[in-house]
Amino acid sequence: MSNGTALILIAFLALATFLLVRSGELRFWQVLLVGVLAIYLDRIGWTDPIVYAVTWIVQGLTHTTT
């Protein structure tokens with residue numbers, strides 16, 4: 001996944017999270033807990049399959065190859 005695509009995906013997810021917290025669907029502590037979990041999973045290397053799957057889906061939707 002290119003840096004531009006990653007930044008767009010991060011911005012989209014951050015905006016979606018912000019809107020969910022603002023609407024009351026998610027509480028701030030829930031977002032923090034998920035963020036800590038994501039950091040922990042990244043440190044132990046369990047996020048590689050997720051990154052590969054997201055890259056595959058984004059490339060499939062945008063029909064790009066690297």
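How do the residues of the lining of the second largest pocket divide into nonpolar, polar and charged? In this predicted model, the lining comprises seven nonpolar residues, four polar residues and no charged residues. The pocket in question, the second largest, has a volume of about 190 Å³. Its lining consists of Thr17, Leu26, Gln30, Val31, Val34, Gly35, Leu37, Ala38, Leu41, Thr47 and Ile50. Helix α2, which spans residues 28-44, gives the most to this lining, with seven residues.

The background to this pocket is a chain with three helices and zero strands. Read from the N terminus, the order of elements is α-α-α. Of the 66 residues in the chain, 3% are buried. The exposed area of the chain is about 5,800 Å², of which carbon and sulfur atoms supply 72%.

Helix α2, the main contributor to the pocket lining, has 17 residues. The distance from its first C-alpha to its last is 25 Å, close to the 24 Å expected at 1.5 Å a residue. Gly45 follows α2 and has a positive phi, near 85°. Helix α3 covers residues 48-62 and has 15 residues. From first C-alpha to last, α3 reaches 21 Å, close to the expected 21 Å at 1.5 Å a residue. The residue after α3 is His63, and the phi of His63 is also positive, with a value near 55°. An α-helix has 3.6 residues a turn, so residues three or four places apart point the same way.

Confidence was examined for the chain and its elements. The mean pLDDT of the chain is 78, and 89% of the residues reach 70 or more. Helix α1, residues 3-23, is where confidence is lowest, at a mean of 79. Confidence is highest in α3, at 83.

Conventions. Residues numbered from 1 in each chain as written. Predicted model: local features only at pLDDT ≥ 70, side-chain atom pairs only at ≥ 80, totals over all residues. Heavy atoms only, no water. Helix = DSSP H or I, 4+ residues; strand = E, 2+ residues; numbered from the N terminus. Buried < 20%, exposed > 50% of the residue type's maximum accessible area, 1.4 Å probe, protein only. Areas by Shrake-Rupley, 256 points an atom, 1.4 Å probe, with all protein chains shown as cover. 1 Å grid on protein atoms, 1.4 Å probe; cavity = no way out; pocket = protein on both sides within 12 Å on 5 of 7 lines; lining within 4 Å. Points joined across faces, edges and corners; volume = space filled by probe spheres on them. Nonpolar A, V, L, I, M, F, W, Y, C, P; charged D, E, K, R; others polar. Expected span 1.5 Å × (residues − 1). pLDDT = per-residue confidence, 0-100.
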